[in-house]
Amino acid sequence: MSDNALYTDLSGYYDLMCADINYQAQSNSAHRLHQIFGNGGKLHLDLACGTGPHISYLSQQGYQCSGLDINQPMLDIAKQRCPNAQFELGNMCAFETAAPYDFITCFLYSIHYSGDIQNLTSCIQNVHKALNTGGVFCFNSVDKNHIDNNLSAKHSVMHDNSEFSFGSSWYYHGEGEKQTLKLSIEKTSAQQTQLWTDEHPMVASSFNELQALLMPYFDVHIFEHEHDKITPWDKVSGNAIFLCVKK
């Protein structure tokens, strides 16, 4: 297998890459926030839904779920995982819905895939249009001014007699509206190791800048990035959950 083969078939490695993520805790946290701040409705849309693990858990909470993603192979896996949900190929910065939703989520910092402030603003506007009155938009974000370029996350997992090691890190050069998500996959099997690396361009913003973009459309609440309890943001940490209620 060449490095390019790893890249083109990334959808098949996505769940392994995210094996250390507690999807259930994230989904339950978002559900609790919607119960507290939302309109009580059960129509849910997950932006950048990937292979659908959050939808799987939120469906168990009684939501009628839909998912939007720009990657068709990811959606194919999501459809197998969540046969009762609806999925659509599309860009979260340029989407329309046939009917409004009560609850829209965007997990795993995927809001940053908007790429730049103009597209991020379009995403926010589209979400606002897609929500019922009192509907909730819930997502997590990282503050560009708190990124430590020396920090990284890494985990390993065995699969099909091979060891996979996955790495990720943020990089921000200190100015502007661009940051980078760096990814790596290392596969070791039969004494052979293959390595694939990539960099994803992401939109960069401070929490104050992001809040300013959201406030014309939403009442904005910011919480610490904790899933077992609801704690207001301490205005110091650079990793937070945004809970936005449509005005």
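**Note on a predicted model: two sheets, their helices and three loop residues**

1. G176 is partly exposed, with a relative accessible area of 43%. The model is a predicted one. G176 belongs to the loop that runs between β7 and β8 (178-189). Apart from neighbours within four places in sequence, the contacts of G176 are K144 and A204. V203 is 27 residues away from G176 in sequence, while their C-alpha atoms are 9.2 Å apart in space.

2. The strands on either side of that loop belong to an open sheet. Four strands make up this sheet, in the order β6-β7-β8-β9, with antiparallel pairing. Its edge strands are β6 (153-159) and β9 (192-203), each of which pairs on one side only. On average, and with direction ignored, neighbouring strands here are turned by 15° against each other.

3. One pair in this sheet can be followed in detail. β6 and β7 (residues 162-171) run antiparallel and are joined by seven bridges. On this pairing, E163 in β7 stands opposite M158.

4. A190 is also a loop residue, placed between β8 and β9. Its phi is positive, about 50°, although A190 is not a glycine. A190 counts as exposed because its relative accessible area, 76%, is over the 50% cut-off.

5. There is another open sheet, built from seven strands in the order β3-β2-β1-β4-β5-β11-β10, and its pairing is mixed. β3 (86-89) and β10 (218-224) are at the edges; each has a single partner strand, so one side of each has no neighbour in the sheet. From one strand to the next, the twist averages 15°. As background, strands of a sheet pair through backbone hydrogen bonds, and the pairing is either parallel or antiparallel.

6. Within the seven-stranded sheet, β4 (residues 101-106) and β5 (residues 131-142) run parallel and are joined by five bridges. Which residue in β5 is the bridge partner of I104? The partner is F137.

7. Y109 lies in the loop between β4 and α6. This residue is not a glycine, yet its phi is positive, near 60°. Is Y109 buried or exposed? Y109 is buried, because its relative accessible area of 18% is under the 20% cut-off.

8. Two helices lie across strands of the seven-stranded sheet. Helix α4 (residues 53-60) lies across β1 (43-47), β2 (64-69), β3 and β4, and runs at about 170° to β2. Helix α6 (residues 117-130) lies across β1, β4, β5, β10 and β11 (239-246), and runs at about 150° to β5. Both β1 and β4 appear in the list for α4 and in the list for α6.

9. Helix α4 also packs against helix α3 (residues 23-37), at an angle of about 55° and with the axes 9 Å apart. That angle makes α3 oblique to α4. The crossing of α3 past α4 is right-handed.

10. Which residues of α3 meet α4? From α3 they are Y23, Q24, Q26, S27 and H31, and they meet P53, H54, Y57 and L58 in α4. Sorted by class, the contact of α3 with α4 has four nonpolar residues, five polar residues and no charged residues.

Definitions and conventions:
Residues numbered from 1 in each chain as written. Predicted model: local features only at pLDDT ≥ 70, side-chain atom pairs only at ≥ 80, totals over all residues. Heavy atoms only, no water. Pairing = 2+ DSSP bridges. Axes fitted to C-alpha atoms, helices over the stretch in contact; angles between N-to-C directions. Contact = heavy atoms within 4.5 Å. Parallel < 35°, antiparallel > 145°, perpendicular 65-115°, else oblique. Left-handed = near helix turned anticlockwise from the far one by under 90°. Nonpolar A, V, L, I, M, F, W, Y, C, P; charged D, E, K, R; others polar. Buried < 20%, exposed > 50% of the residue type's maximum accessible area, 1.4 Å probe, protein only.
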